[in-house]
There are 2 protein chains.
Amino acid sequence: MKLPSSRPDRPPTSVDVARLAGVSQATVSYVLNDAPGVRISDETRAKVRAAADELGYAPHASARALKTGRSDLVLCPVPDVALGPLFGIWIRELTARLGELGFRLVLLQGDAAERGVAAARAWAEWRPAAVLVQADRLTRAAVRQLHAAGTAAVVAIGPEPSALTPTLVFDDVAIGRAAARHLAERGRVRLAAVVPSEPVLGDFGERRFGGVAAEATARGLPVERVDLAFDEAGAAAVAARWAAAPDRPDAVFAYNDEYAVLMLRALQDAGLDVPGDVALVGADDLPWAALLRPRISSVRIIGAGSAGGTADWIGGLIRDRERSPAVHRELTRVEIVPRESS
Amino acid sequence: MKLPSSRPDRPPTSVDVARLAGVSQATVSYVLNDAPGVRISDETRAKVRAAADELGYAPHASARALKTGRSDLVLCPVPDVALGPLFGIWIRELTARLGELGFRLVLLQGDAAERGVAAARAWAEWRPAAVLVQADRLTRAAVRQLHAAGTAAVVAIGPEPSALTPTLVFDDVAIGRAAARHLAERGRVRLAAVVPSEPVLGDFGERRFGGVAAEATARGLPVERVDLAFDEAGAAAVAARWAAAPDRPDAVFAYNDEYAVLMLRALQDAGLDVPGDVALVGADDLPWAALLRPRISSVRIIGAGSAGGTADWIGGLIRDRERSPAVHRELTRVEIVPRESS
DNA sequence: TTGTAGGCGTTATCAA
DNA sequence: TTGATAACGCCTACAA
């Protein structure tokens, strides 16, 4: 058994551990990985572990990935980490459960413009076990690229099942629908819905608006679409226009609670009563929304607790190298928190 | 020149590219890495690039890391990705600038309890070029572990320079100080400061409270500390107590804008006038805070735009393998946005 | 029960 | 200007 001598300025390797423990390098690997089907004396195991500890040995993940042809990484490129409190909770639980399954979730905050096959190639360099990304950043070529690089599961996150790959469905449409239903059931007959004019939020806004429109159409109610940046002047202009129009909307779905407070102030400043003249519904049930006066009704997504189920599903996709489109629905149950504003 | 034949079920390698281009594998490496000091004909370069494109070749990052002994990863373990809008912006800019320098920032959302040398060993497995982590998750042994694994820069993020390693200083103390100064200069004489009773926010709260206390002490003013969860009942209890006490605080620093609206409602419901009886200052200048009535004054951190400077600093640390404690101050300039509430 | 040896895909040195 | 070749650290048959 001859082992190469270690270079002093390099991180310790399993060979260093082996030398210190007086065993072969293979034994080190067996012990530290609890290799099945290999019987090693407890005494040897103890020696190996002690040596690894003493050297502060950390196995080289890249070497392992190179050898095994796969990493335990689950890549999740996000457009913005500040997507709100709900997202934080969801990611935390997903990370935890994937960790139990032996995977490591890492977030890449990149440009949302980083999409398609070029982005896929960059993600593929680390040979992740799975990639979890917004559906609209994937193309057919991107999915193919990732599969070619050995990524077992390419999971789209989107409002509807993708034709390309398994999809994790977050149903923003249902949020808009719930808001519209709530307002209609309370006797409102002319709806409006705000769509944020911001790049990241815009896509979600389109979906939520779509839900409002679908529900309203089904009930034969008109819907006004209001494209709005988060900015007082714009909101004031809309409110002023409504104040002067006899056929103004009598109910507004404001996209989320932040836009709801924006609209609330604008409506009030324009002399309109909320909810007397105009009812108002936000979404996401942000903690501070209940503190406004009048309190803002909010559509709340339920089921953030089931990130564990998502993790298990992803784990299954990785194991089975599932490629045909499959669907997992998450965060699609929705409920309204009625408050004074509607 | 003999090249092994490729296995059909494996991702394409540089050997596959070489075979397709009709050159040697080394040439592929030279071309794709723009190797300096190597002259290769434009014709060959074109052939190689075309072949790589055709195969969808993505270099194997693990193999490169193994060979070079270092990855281009900058690891940033965070306790919670939903740290607020400011954090999102900062991370985005940091990512962009580090990308220009050739590094890839990845966020690991883990347990905040994952700390010390055990956590360091897990981070070290990927042999990151740098690790960027909250100061209180590092110990001397953890820093040593990372250095031993070849991590060039271990950067602590904290309220004050660490004795262990270079530190990125985010000065929450300055926020509290600015709030106290503002209130004192407006003639307020009995201060109170809210400290959130939540795990992640709590640490920041302590610092901000410390700033209030320091400034108040310097001016000979008393400070009441209010530990508070984000919950209406608790806030109401505090407000009720104050309403009944003649020597109640005449000014409150509410930790941030969310807690400010919580206190605002509680104070109003208890019959106290804001800012007549009690002035109120929040922090972080969240966009919707200006929409409340009365509008909430806020302490704003300036300099989120300088994440680029931080990236350059980290790049320098990596290049120089700096190990003696050095400091970079970021987000320490602070200004007050005065509104009706104070 | 433990050791030997080959190879994962890349980079970089040295010949040609 | 390009090609052969030797590591990098680890895993895992297979041999002892």
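**Entry 1, strand pairing in chain A.** I began with a single bridge and noted that A:Ala251 has A:Ala279, in β9(A), as its bridge partner. I keep in mind throughout that this is a predicted model. Widening the view, I found that β8 (residues 251–253) and β9 (residues 279–283) of chain A run parallel and are joined by three bridges.

I then traced the sheet to which these strands belong, and I read it as an open sheet of six strands in chain A, ordered β7-β6-β8-β9-β10-β12, with mixed pairing. The edges are taken by β7 (223–228) and β12 (333–337) of chain A, each of which has a single partner strand, so one side of each is left without a neighbour in the sheet. For the twist I noted that neighbouring strands of this sheet are turned by 25 degrees against each other on average, with direction ignored.

**Entry 2, helices on the sheet.** Next I looked up which helices lie against these strands. Helix α10 (residues 232–244) of chain A packs on the sheet and touches β6 (191–196), β7 and β8 of chain A, its direction making about 155 degrees with that of β7(A). Helix α11 (residues 257–269) of chain A lies across β6, β7, β9 and β10 (297–302) of chain A, and I recorded about 155 degrees between this helix and β9(A).

**Entry 3, the interface.** How many residues of each chain are in contact with the other? I have 61 residues of chain B in contact with 60 residues of chain A. The two chains bury about 5,100 Å² between them, and 58% of that area is on carbon and sulfur atoms.

The rule finds eight salt bridges across the interface of chain B and chain A; I looked up the one in which the side chains of A:Asp53 and B:Arg121 meet, at 3.4 Å from N to O. Among the elements that give two or more residues to the side of chain B that touches chain A, I listed α3 (42–55), α5 (85–100), β2 (104–109) and α6 (116–124) of chain B. By class, that side of chain B has 34 nonpolar, 10 polar and 17 charged residues.

**Entry 4, backbone geometry.** I closed with the less common backbone values, bearing in mind that most residues other than glycine have a negative phi, and most peptide bonds are trans. B:Val274 and B:Pro275 are joined by a cis peptide bond with omega about 5 degrees, and B:Pro275 is placed in the loop between α11 and β9 of chain B. Another cis peptide bond joins B:Arg293 and B:Pro294, with omega about -10 degrees, and B:Pro294 is in the loop between β9 and β10 of chain B. In chain A, I noted that A:Arg127 has a positive phi, near 50 degrees, and lies in the loop between α6 and β3 (130–134).

Methods:
Residues are numbered from 1 along each chain as its sequence is written. Chains are lettered from A and ligands numbered from 1 in the order in which they are written. This is a predicted model: local features need pLDDT of at least 70, side-chain atom pairs count only at pLDDT 80 or more; totals for chains, interfaces and linings use all residues. Side-chain values use heavy atoms; hydrogens and water are left out. Contact means heavy atoms within 4.5 Å. Buried area is the accessible area (1.4 Å probe) that two parts lose on being put together, summed over both. A salt bridge is a side-chain nitrogen of Lys or Arg within 4 Å of a carboxyl oxygen of Asp or Glu. Helices (H or I, at least four residues) and strands (E, at least two) are DSSP runs, numbered from the N terminus. Ala, Val, Leu, Ile, Met, Phe, Trp, Tyr, Cys and Pro count as nonpolar, Asp, Glu, Lys and Arg as charged, and the others, Gly among them, as polar. Two strands pair if DSSP finds at least two bridges between them. Axes are lines fitted to C-alpha atoms, for helices over the stretch in contact, and angles run from 0 to 180 degrees between N-to-C directions.
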